[in-house]
Amino acid sequence: MAKAEVPLNIAHRLLAGNPLVLLSVSLGELVDITTVPWCSPLSLTPPQVGVSVFTYHFAHDLLTRVEEFAINVVPRDWLRQARFCATVSGREVDKFKQTGFTMEEAKEVAAPLVAEGIGHLECGVVGQHSLGDHTLFVAQVLAASAEKDLFDTAWQVKERDLRPVMHLGKDYFAVWEDRFEALPAEPPS
Ligand SMILES: Cc1cc2nc3c(=O)[nH]c(=O)nc-3n(C[C@H](O)[C@H](O)[C@H](O)COP(=O)(O)O)c2cc1C
């Protein structure tokens with residue numbers, strides 16, 4: 001499989017359906033991966049996304065200091081490892097080592113990409129908003145890539161195990177059905 005660049009004006013479509021994503025961040029030797037389904041496109045021009053991170057998380061510590069990160073869209077067959085990343089803290093555990101995830105160099109940020117991801121957004125923080133127990137990090141998308149065979153101008157994933165996963169709450173997850181193209185919209189008769 002090979003990855004290709006995705007134009008920034010449609011990079012937000014990598015997040016369609018709000019898939020479960022892994023946020024990766026690094027500061028020198030310190031590296032963390034955190035599971036965050038609370039991630040959303042926010043603006044087309046400039047391309048911006050928002051990610052909401054609990055203030056106590058190690059990832060939160062690092063993010064406030066380096067102000068850049070990567071978002072990695074996780075396919076269904078890596079859900080077990082992604083859930084593991086959500087049960088331990090990077091303060092105590094090397095999550096790359098424990099999960100078998102592979103680090104891949106990003107183009108625009110120091111944070112490593114999770115190579116097993118099927119899509120990636122590289123992001124620079126442009127704003128931080130304190131919202132109760134979470135901080136909303138607003139970030140500009142600096143680069144984006146996705147598996148060529150799985151994303152043309154939107155997700156098109158035939159294999160069920162390679163589809164992104166949506167977190168429904170608690171321990172419930174879902175994958176979407178096949179993609180279809182809607183007919184031109186008509187006024188209701
Ligand atoms: C399914 C699931 C979804 C989660 N979603 C989020 C989220 O959107 N934002 C967040 O800050 N933490 C979320 N968490 C919690 C973190 O992933 C978890 O506490 C993680 O271990 C923090 O790791 P860190 O200390 O290395 O940053 C979620 C946990 C699970 C199990």
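The radius of gyration used here is taken over C-alpha atoms, and the globule rule is 2.2 Å times the number of residues to the power 0.38. Select the whole protein to begin: a compact globule of 189 residues would have a radius of gyration near 16 Å, and the protein agrees, with 16 Å. Along the principal axes, its C-alpha atoms fill a box of roughly 60 × 35 × 30 Å.

Before going further, note that this is a predicted model, in which local features need pLDDT of at least 70, side-chain atom pairs count only at pLDDT 80 or more, and totals for chains, interfaces and linings use all residues. Residues are numbered from 1 along each chain as its sequence is written.

Now switch to a cartoon view. You will find three helices and 12 strands; helices (H or I, at least four residues) and strands (E, at least two) are DSSP runs, numbered from the N terminus.

Next, select the ligand and the 20 residues around it, of which Trp38, His57, Ala86, Ser89 and Gly90 come nearest. A residue belongs here if its C-beta atom, placed from the backbone, lies within 6 Å of the molecule. Colour β3 (30-35), β5 (48-54) and α1 (58-66) too, since each supplies at least two residues of this shell.

Finally, go to methionine 1, in the segment before β1 (3-5). Is methionine 1 buried or exposed? With 8 C-beta neighbours inside 10 Å, methionine 1 counts as exposed; the cut-offs are 12 or fewer for exposed, 20 or more for buried, and partly exposed in between, with C-beta atoms placed from the backbone. Draw a distance from its C-alpha atom to that of arginine 179, 178 residues along the chain, and you should read 21 Å.
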